[in-house]
Amino acid sequence: MALTKADLVDDLTRKGYKRKEAVQFVESMLDIIKATLERGEEVLLSGFGKFCVKDKKRRRGRNPQSGEDLILAERRVVTFKYSSVLRDKINRVP
């Protein structure tokens, strides 16, 4: 099961925030992260990880359904590198 924005809002309301404030907070945080990535900057969340924007060059590809060769345009992708703190929590390292 995936964690959704609604789940984040619900968790914040359980921690004592008003629902309207929680929604506003979650939306604001996501807007800030999106705007930062659009500018090509990294987003570092200590203890969690780092979101980076990488440029992919134009390259040859193939349609797997038809086998037809094609050229894939250059594009930007977002990558995520998790922190050692998160890695240890996932792997239950004390």
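**A tour from F80 outward**

Select F80 to begin: at 35% relative accessibility, this residue counts as partly exposed. The model is a predicted one.

Keep F80 in view and add F51. The rings of F51 and F80 form a tilted aromatic pair, 4.8 Å from centre to centre with 50° between the planes. F51 sits in strand 2 and F80 in strand 5, so this pair links distant parts of the chain, 29 residues apart. F51 is itself partly exposed, with a relative accessible area of 21%; the cut-off for buried is under 20%.

Next, select F48. The structure holds two aromatic pairs, and F48 with F80 is one of them: tilted, 5.3 Å centre to centre, with 50° between the planes. F48 lies in the loop between strand 1 (43-45) and strand 2 (49-56), while F80 belongs to strand 5 (residues 75-82), so the pair ties together parts that are 32 residues apart in sequence. F48 has a relative accessible area of 37% and is partly exposed. Show the three rings together: F48, F51 and F80 form one aromatic cluster.

Now move to helix 2 (residues 19-38) and pick T36. Is T36 buried or exposed? T36 counts as buried, at 11% relative accessibility. Leaving aside residues up to four places away in sequence, T36 touches E41, E42 and V43.

Stay in helix 2 and select I33. I33 also counts as buried, at 18% relative accessibility. Measure from its C-alpha to that of V43: the distance is 6.7 Å, for residues 10 apart in sequence.

Then zoom out to the cartoon of the protein chain. Three helices and five strands make up its elements, in the order α-α-β-β-β-β-β-α from the N terminus on. The radius of gyration is 19 Å, well over the 12 Å that the globule rule gives for 94 residues, so the chain is more spread out than a compact globule. Along the principal axes, the C-alpha atoms fill a box of roughly 55 × 35 × 30 Å.

Colour by accessibility next. Buried residues are 15% of the 94 in the chain. Switch to the surface: about 8,100 Å² is exposed, and carbon and sulfur atoms supply 53% of that area. Of the contacts with a separation of 6 or more, 33% are between residues 24 or more positions apart.

Finish with the charged side chains. There are 22 positive and 14 negative charges, and the mean positions of the two sets are 4 Å apart.

Notes. Residues numbered from 1 in each chain as written. Predicted model: local features only at pLDDT ≥ 70, side-chain atom pairs only at ≥ 80, totals over all residues. Heavy atoms only, no water. Helix = DSSP H or I, 4+ residues; strand = E, 2+ residues; numbered from the N terminus. Rg over C-alpha atoms; globule rule 2.2 N^0.38 Å. Buried < 20%, exposed > 50% of the residue type's maximum accessible area, 1.4 Å probe, protein only. Contact = heavy atoms within 4.5 Å. Areas by Shrake-Rupley, 256 points an atom, 1.4 Å probe, with all protein chains shown as cover. Lys, Arg positive; Asp, Glu negative; His and termini not counted. Charge placed at Lys NZ, Arg CZ, Asp CG, Glu CD. Phe/Tyr/Trp six-rings, centres within 6.5 Å; stacked < 30°, edge-to-face > 60°.
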